[in-house]
Amino acid sequence: MQQAHVDYIVRRRDERRAVQVTVLGKSPSWQDTAGACSGYLVQEGDFTLLLDCGNGVFSKLRRHCDYVDVDAVLITHMHADHFLDLVPFSYALSYAPRQQPVPVGGHPGTSNPARPQLYVPQGATEVLRAIVGCWGAADLVDNAFSIREYASADELTIGPLRVRFCEVPHFTVTHAVDLASNGSRFTFGADCRPNDELVAFAQGTDVLMIEATLPRPERTGVRGHLTAREAGEHGRLAGAARLVVTHYSDELDSEWTRAEAADSYGGPVEMAIEDAVYTV
Ligand SMILES: [Zn+2]
Ligand SMILES: [Zn+2]
């Protein structure tokens, strides 16, 4: 067999084993033009995890995979830009004709509707019930997903992924998430103000996806987010092999943001772009 052909087969096999992270939404708490808030599709082989499900994410998800094929959803914290599209996702899982147990609208129906796992922070189940309960649908999300609340100290196995959490300082209880598989690590910083916890948690990671919401530090009140320069600093202190900046608005100059982060990181920085795929 020719060497080039062997290399191709090996590469194909490695790509199948590798974790692929697709950016569905990278906007901050308001969407970019035609954009979506926080959402990342994490796939390895046939396994699919949706990391965060902010507003706009469900539509973006459907461009990349069938929502009934999502095995699990993991929410980092209960801010609208990280969970709000659980509502349309729940409606699809509950009312799409092919999810019905009896034939509907020309669709044969199914005896086995998709019911993905949904991992949320402690107390989030009640928050979700209260939100959808406003219009009398309190059990919408409970019925659509199989909900499990996690604690910061939990170490979970979700499909092929080993999942760890680190509580990071933000405006509400928030978790950075580390996903490991086949010796590779992808660390997502969620939303946070400058902190040592994320630096320690992400130490030596292969890819650190980190927010850079702010052009400058908040001028008043308790801080909750990072500037691009602070994001780069966290990446450098964590010794992250690759740094991807996310949660930034299209109303900021992305090249300025990248340059700020790269300067403090001490190397090239990638900007999260919707639909881009990062191989870990
Ligand atoms: Zn937040
Ligand atoms: Zn956010």
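How are the donor residues of the zinc ion (ligand 2) spaced in sequence? In this predicted model, the pattern reads D-H-x108-D-x55-H. The protein donors behind that pattern are D81, through OD, H82, through NE2, D191, again through OD, and H247, through NE2. They sit 2.1 to 2.2 Å from the zinc ion (ligand 2). The geometry is not a textbook one: the angles among the four donor atoms run from 89 to 158°, and the site comes out as irregular. Water is not among the atoms, so sites may look incomplete.

This zinc ion has company. The zinc ion (ligand 1) lies 3.5 Å from the zinc ion (ligand 2), and D191 coordinates both. Within the ligand 2 site, D191 and H247 link distant parts of the chain. D191 belongs to the loop between β10 (184-188) and α7 (196-201), while H247 belongs to the loop between β12 (242-246) and α9 (254-265), and the two residues are 56 residues apart. Both D191 and H247 are buried.

Turning to the partner site, the zinc ion (ligand 1) takes its protein donors from H77 (NE2), H79 (ND1), H170 (NE2) and D191 (OD), at 2.1 to 2.4 Å. Along the chain these donors follow the spacing H-x1-H-x90-H-x20-D. Here, too, the site is irregular, with angles of 91 to 165° among the four donor atoms. H77 is in the loop between β4 (72-74) and α3 (80-83), and H170 is in the loop between β8 (161-168) and β9 (174-181), so this pair ties together parts of the chain that are 93 residues apart in sequence. H77 and H170 are both buried.

The loop that supplies D191 has another feature to point out. A190 is placed in the loop between β10 and α7, and A190 has a positive phi of about 55° although it is not a glycine. With a relative accessible area of 2%, A190 is buried. A34 makes a useful contrast. A34 also has a positive phi, of about 60°, without being a glycine, and A34 is found in the loop between β1 and β2. At 64% relative accessibility, however, A34 counts as exposed.

Next comes the sheet. Seven strands make up an open sheet with mixed pairing, in the order β6-β5-β4-β3-β2-β1-β14. At its edges are β6 (146-150) and β14 (277-279), each of which pairs on one side only. On average, neighbouring strands of this sheet are turned by 20° against each other, direction ignored. Helix α5 (residues 124-133) packs on the sheet, where α5 touches β5 (117-121) and β6; the direction of α5 makes about 105° with that of β5.

Within the sheet, β2 is worth following strand by strand. On one side, β1 and β2 run antiparallel and are joined by five bridges, with V23 standing opposite Y40 in β2. On the other side, β2 (residues 39-44) pairs with β3 (residues 47-51), again in the antiparallel sense and over five bridges. Across that pairing, V42 stands opposite L49 in β3, and L41 stands opposite L50 in β3. β2 and β3 form a hairpin with two residues between them, and G45 in the turn has a positive phi of about 55°. Five of the six residues of β2 are buried, so β2 is largely enclosed by the rest of the structure.

Helix α2 is part of the same neighbourhood, since what covers its buried residues includes β1 (20-25), β2, β3 and α4 (86-95). In α2 (residues 57-64), the buried residues are V57, F58, K60 and L61. Seen down the axis of α2, these buried residues fall within an arc of 160°, so they line one face of the helix. On the other side of α2, S59, R62 and R63 are exposed. This fits the general rule that an α-helix has 3.6 residues a turn, so residues three or four places apart point the same way.

Terms used. Residues numbered from 1 in each chain as written. Chains lettered and ligands numbered in written order. Predicted model: local features only at pLDDT ≥ 70, side-chain atom pairs only at ≥ 80, totals over all residues. Heavy atoms only, no water. Pairing = 2+ DSSP bridges. Helix = DSSP H or I, 4+ residues; strand = E, 2+ residues; numbered from the N terminus. Axes fitted to C-alpha atoms, helices over the stretch in contact; angles between N-to-C directions. Contact = heavy atoms within 4.5 Å. Donors = N, O, S within 2.8 Å, 3.2 Å for Na, K, Ca; no water. Tetrahedral: all angles 85-135°; square planar, octahedral: opposite > 155°, others 65-115°. Buried < 20%, exposed > 50% of the residue type's maximum accessible area, 1.4 Å probe, protein only. Arc of directions from axis to C-beta.
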